[in-house]
Amino acid sequence: MPFPKNFLWGTATSAGQIEGGAFEDGRTPSIWDTFAAKPGKTHNGGLPTVACDSYHKFDRDLASMKALGVNSYRFSISWSRVLPNGVGQLNDKGMDYYKRVIDALNENGIIPNVTLYHWDLPQVLEDRGGWVNRDSIQWFGEYAHKMFTAFGDVVPMWSTINEPIATYVGYAHGGFAPGHRNECWGNQARHNILVAHGKGVEAFRALNFKDSKI
C-alpha cells in the first residue's frame, strides 16, 4: 500500500537533548540543567550544557535532514532561552536562533513542527513553585502566546506539551527533573500542566491562523 503524497516523513528532537549552549546568549538554566548536575541523575553524568551542540551547528543538522530526505522536523523551544525570567521580556538572541532555524527549514522544504514544552521548565519558575504552583497555567499561557505571535505565520504545526506524565514523574517519583518525591505535588503538577495545555490552545485559537494547526 503506497503512502499518500502528503505523508510527512519526519525526525524529532527536544531542546534540552540537543541544543547545548545552555548558558549562552542570555539563556538561564532549566530544571534539567539543575537536575542533571546532581551526581547520579543521568547516564554517565551527562549534562545538557553541550549535548549535540545544535545551537552552534544547526547547519550540520539541516544537512543531515536533507540527506535523509525528511520533509518535516519536530523540535522544541527552550523556554528559558526565549524568556530568561520565565515571563516578561523576550530574549532577542534566543528568538533570533529559532527564527534562523525556522527560516532555514522552510527554505529547504522541511516543515517546522514546534513543541512548546519538552520537560525543561525555567529554573526561575521552579524556584517559584514550578508546576505545583497554579500560576504555572498563566506562565505557560503567556509563553505560548508570545511564541505563537512571533512564529505562528511561519510554523504550520504546533504541539503544546510533550508527555505530561513526565512532569508527574518529576514531582512525584524523582526520576526526572526537578527530582521531587511527593505524590501530592505530582498530582497537582499534572493537573496544572493539562490546564496549561488548554490555556495554550486558547491562545493559539485567539490568533486565528489560517494555515497553522495545533
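I take two strands as paired if DSSP finds at least two bridges between them. The model I am reading is predicted.

**Entry 1. The sheet**

I began with strand 2 and looked up its bridge partners. In strand 2, R74 is the partner of A12. On the strand 3 side, R74 is bridged to N113. I also noted G10, which stands opposite S72 of strand 2.

I then recorded the pairings. Strand 1 (residues 10-12) and strand 2 (residues 72-76) are parallel and share three bridges,. Strand 2 and strand 3 are likewise parallel, joined by five bridges.

The whole sheet is open and holds four strands in the order 1-2-3-4, with parallel pairing. Strand 1 and strand 4 (157-161) are the edge strands; each has a single partner strand, so one side of each lacks a neighbour in the sheet. From one strand to the next I read an average twist of 15°.

How many of the five residues of strand 2 are buried? I found four, and I therefore entered the strand as mostly covered, buried being under 20% relative accessible area.

**Entry 2. Helices lying across the sheet**

I looked up which helices lie across which strands. Helix 5 lies across strand 2 and strand 3, and runs at about 170° to strand 2. Helix 7 lies across strand 3 and strand 4, at about 160° to strand 3.

**Entry 3. Helix 7 with helix 9**

Two packed helices are described by the angle between their axes and the distance between the axes. For helix 7 (residues 136-151) and helix 9 (residues 183-207), I read an angle of about 30° and axes 8 Å apart. Angles under 35 degrees count as roughly parallel, and helix 7 and helix 9 are therefore roughly parallel to each other. Their crossing is right-handed.

I listed the residues that meet. Helix 7 contributes S136, I137, Q138, F140, G141, A144, H145, F148 and T149. Helix 9 contributes N192, V195, A196, H197, K199, G200, A203, F204 and L207. By class, the contact of helix 7 with helix 9 has nine nonpolar, eight polar and one charged residues.

**Entry 4. Helix 3 with helix 5**

Helix 3 (residues 54-68) and helix 5 (residues 92-107) have axes that come within 11 Å and cross at roughly 10°. I therefore entered helix 3 as roughly parallel to helix 5. From helix 3 the contact takes S54, Y55, F58, L62 and M65, and from helix 5 it takes K93, Y97, V101, A104 and L105. I sorted the residues of this contact into eight nonpolar, one polar and one charged.

I also looked up K66, which lies in helix 3. K66 is partly exposed, at a relative accessible area of 47%. Beyond residues up to four places away in sequence, K66 touches N108 and I110. K66 and G109 are 43 residues apart in sequence, and their C-alpha atoms are 9.1 Å apart in space.

**Entry 5. E19**

Is E19 buried or exposed? At 4% relative accessibility, I entered E19 as buried. E19 is found in the loop between helix 1 (15-18) and helix 2 (31-36). With neighbours within four places in sequence left aside, I found E19 in contact with V50, A51, D53, S54, Y55, S76, S78, R81, Y97 and Y98.

**Entry 6. Helix 8**

In helix 8 (residues 165-173), I noted A166, T167, Y168, G170, Y171 and A172 as buried. The buried residues of helix 8 pack against strand 3 (111-117), helix 6 (123-126) and helix 9. G174 follows helix 8 and has a positive phi, near 75°.

**Entry 7. Backbone exceptions**

Most residues other than glycine have a negative phi, and most peptide bonds are trans. I therefore checked the exceptions to this rule.

A51 has a positive phi of about 50° although it is not a glycine. A51 lies in the loop between helix 2 and helix 3, and at 34% relative accessibility I counted it as partly exposed.

W119 is a residue other than glycine with a positive phi, near 80°. W119 is found in the loop between strand 3 and helix 6. W119 is buried, with a relative accessible area of 16%.

Which peptide bond is cis? I found the bond from A177 to P178 to be cis, with omega near 5°. P178 lies in the loop between helix 8 and helix 9.

Terms used. Residues are numbered from 1 along each chain as its sequence is written. This is a predicted model: local features need pLDDT of at least 70, side-chain atom pairs count only at pLDDT 80 or more; totals for chains, interfaces and linings use all residues. Side-chain values use heavy atoms; hydrogens and water are left out. Axes are lines fitted to C-alpha atoms, for helices over the stretch in contact, and angles run from 0 to 180 degrees between N-to-C directions. Helices (H or I, at least four residues) and strands (E, at least two) are DSSP runs, numbered from the N terminus. Angles under 35 degrees count as roughly parallel, over 145 as roughly antiparallel, 65 to 115 as roughly perpendicular and the rest as oblique. A crossing is left-handed if the near helix is turned anticlockwise from the far one by less than a right angle, and right-handed if clockwise. Contact means heavy atoms within 4.5 Å. Ala, Val, Leu, Ile, Met, Phe, Trp, Tyr, Cys and Pro count as nonpolar, Asp, Glu, Lys and Arg as charged, and the others, Gly among them, as polar. Buried means under 20% relative accessible area, exposed over 50%, partly exposed in between (1.4 Å probe, protein chains only).
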